Amino acid sequence: MPIDATQPYDDDNIFAKILRGEIPSKKVYEDEHALAFHDINPQAPTHILVIPKGRYVSWDDFTAKADDAEIAAFIRAVGKVARDAGLVEPGYRLLANIGPDSHQEVAHLHVHIFAGRKLGPMLAQ
Ligand code: AMP
C-alpha cells in the first residue's frame, strides 16, 4: 500500500522498528547516521537498503529538514556500501521512491541499491 509522503513521521513504520532492534535485519553496514541491510524481497542478486537513522519519511522530508552533517554522512554511506560490496566496476542502480506515484511503501527514507545483473531499462514500460 503506497504511503502519503507528506504525512508526519510514524514511529510504527517497519524500518523504525529495525532501527530500534525490535525486528531483525540482515545488516550490511552501520555508522552514526546510517544503517544498511538486505531487502527482504530482493529484486536483483544484490538488493540493499540504506536508511538514515533520523526520523525522515522520504527523500523530500530528509533534504528539507536534515542538517548538512546528516545529509553528507548518509550520501557517503550509500557510496561506501556500494563500494565495499564491489559494485562500482560492474555497476549498480540507486532508487528512492517518494510518495504514491512511485509506490513508496515504507514511510522511512530508504535508498535501494540494485546490482548483480543487467538491470534493464530505467523504468518499467
Ligand atoms: P519502497 O517500495 O521503495 O517503499 O520499498 C520498500 C522495500 O522495503 C521493499 O523492497 C520491501 O521488500 C522492503 N522491506 C519491507 N520490509 C522489510 C524488512 N522487514 N526487511 C527488509 N526489507 C524490507
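**View 1. A three-residue hairpin links strand 1 to strand 2.** In this predicted model, strand 1 covers residues 27-30 and strand 2 covers residues 34-38. The two run antiparallel, held in register by three bridges. Want one to look for? Start at E30, whose bridge partner in strand 2 is L35. As a rule, side chains along a regular strand alternate between the two faces of the sheet.

**View 2. The ligand sits in the largest pocket.** Count the residues around the ligand and you get 16. Sorted by class, that shell has eight polar, six nonpolar and two charged residues. Helix 1 (14-19), strand 2 and strand 3 (46-52) each chip in with at least two shell residues. So strand 2 turns up here again, as one of the elements that supply the shell.

**View 3. Five residues come nearest to the ligand: D39, N97, E105, H110 and H112.** Two of them show up again when you look at ligand oxygen atoms. For N97, a polar side-chain atom lies 2.8 Å from a ligand oxygen. For H112, an N or O atom of the side chain is likewise 2.8 Å from an oxygen atom of the ligand.

**View 4. V106 meets the ligand through its backbone.** Here a polar backbone atom of V106 is 3.1 Å from an oxygen atom of the ligand. As for overall cover, the ligand on its own has 510 Å² of accessible area, and the protein covers 85% of that.

Key. Residues numbered from 1 in each chain as written. Predicted model: local features only at pLDDT ≥ 70, side-chain atom pairs only at ≥ 80, totals over all residues. Heavy atoms only, no water. Pairing = 2+ DSSP bridges. Helix = DSSP H or I, 4+ residues; strand = E, 2+ residues; numbered from the N terminus. Near = heavy atom within 4 Å. Polar contact = N/O pair within 3.5 Å; in protein donor to acceptor, adjacent residues only side chain to side chain. Areas by Shrake-Rupley, 256 points an atom, 1.4 Å probe, with all protein chains shown as cover. 1 Å grid on protein atoms, 1.4 Å probe; cavity = no way out; pocket = protein on both sides within 12 Å on 5 of 7 lines; lining within 4 Å. Sits in = over half its atoms within 2 Å of the grid points. Nonpolar A, V, L, I, M, F, W, Y, C, P; charged D, E, K, R; others polar.
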